[in-house]
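User: I'm new to this and would like a close look at one part. Could you walk me through a strand pairing and its hairpin?

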Amino acid sequence: MLKWIRKNPVVMGVGTLAIAGLVVTAATSGGFSPTSSFSSNCGYGGTACPPPPPVTSTPASGYHLVGADGGIFNFGNAGFYGNTYTLGLTGLTGSHPLNAPIAGVAENPNGGGYWMVGADGGVFNFGNAGFYGSTYSLGLTGLTGSHPLGSPVVGIAPTPDGKGYWLVTKAGFVYGFGDAKFYGDTFSYGLTGLTGSHPLNAPIVGIAAAPSGTGYWLVAADGGVFNFGSAGFHGTTYSLGLTGLSGSHPLNAPIVGIASTESGNGYWLVAADGGIFNFGNAGFDGSTYSYGLTGLSGSHPLNAPIVGIVPTANSGGYWMVGKDGGIFNFGNAGFYGSTYSYGLTGLSGSHPLSAPIVGITD
């Protein structure tokens, strides 16, 4: 169970859990309920974290988590529309396993469905999320075969109308499907992926679409941000005097995700230790350090690394998810449950997850 849950009034609700096609309904409770204000990017270099800002409203009321095996966990009013088990696949092992682990999930902006993407570039669509192609549609053969991907896919981002999506690889290559147009990738800047004469400083770990649908951001594990099309540049961890994954002032932990504000005039980066970096008009509403947790080590470490972030609809808060299915909510992002709410015990214990959580979407 998540530690460090503040003893604020508990909000009760009904949530549903879906594993391997099974849907369970249960009462949920608890979570983090921020109550006052503090400064940006605290917790780094020993900087103290004051209490979080007050909650004024909660515009979104649910979220989905996805496991590396394609299992979906839905909470609050986030509907269950299927998972890879629903399609007859058997996770990462068994008689009909996935070709590759799931690497990301994205909600249809229209509601009522979602996409998952595998590390091999395979796309799975559920509910009203349409299928517009995958890397296999381009004649590529996953991670092996005659025409393999140059590197694994690490993220997916939909267009605003839900009629297309972008995939990004670890090397920074971008694939667009449906109405998702290509606006460039790291290779467009003369970089040569993970090797070659001008390699990336660190692998790409995530993608976020500009709200206009005419651009996107890529983020690397070292906190470097690459902006394309109409997606504006608002800073990187290097802008704050940090020096990536090494050097004189390195990050405490690698960056694992990026999320854009509603207007597209800012974004958040989240690190594996739960640190938050906010740029442009992205507000700082707290980090795991704000609750007395000490990152990936120390006296009160996280149970598992953070793997993803998603903001609320009006950008007034955000959720983080850990590899163990633990949820951390900040600002006006409500708590609607975590995998622990259903008797699961993280990555070990008596009832562990069948596979690590790899992403979150609202």
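Analyst: Let's start with one pair of residues: His64 has Asn74 in S4 as its bridge partner. Before going on, a word on the model: it is predicted, so local features need pLDDT of at least 70 and side-chain atom pairs count only at pLDDT 80 or more, while totals for chains, interfaces and linings use all residues. Residues are numbered from 1 along each chain as its sequence is written, and side-chain values use heavy atoms, with hydrogens and water left out.

Back to our pair. Strand S3 covers residues 62–67, and S3 and S4 run antiparallel, joined by five bridges. Strands here are DSSP runs of E, at least two residues long, numbered from the N terminus, and two of them pair if DSSP finds at least two bridges between them. In general, strands of a sheet pair through backbone hydrogen bonds, either parallel or antiparallel.

Now for the turn: the hairpin of S3 and S4 has four residues between the strands, and in this hairpin Gly70 takes a positive phi near 90°. As for S4 itself (residues 72–76), four of its five residues are buried, so the strand is largely enclosed by the rest of the structure. Buried means under 20% relative accessible area, with a 1.4 Å probe and protein chains only.

For comparison, look at S12 (residues 215–220) and S13 (residues 225–229): they are antiparallel, with five bridges. Trp217 has Asn227 in S13 as its bridge partner. The hairpin of S12 and S13 has four residues between the strands, and there Gly223 takes a positive phi near 90°.

Notes: Buried means under 20% relative accessible area, exposed over 50%, partly exposed in between (1.4 Å probe, protein chains only).
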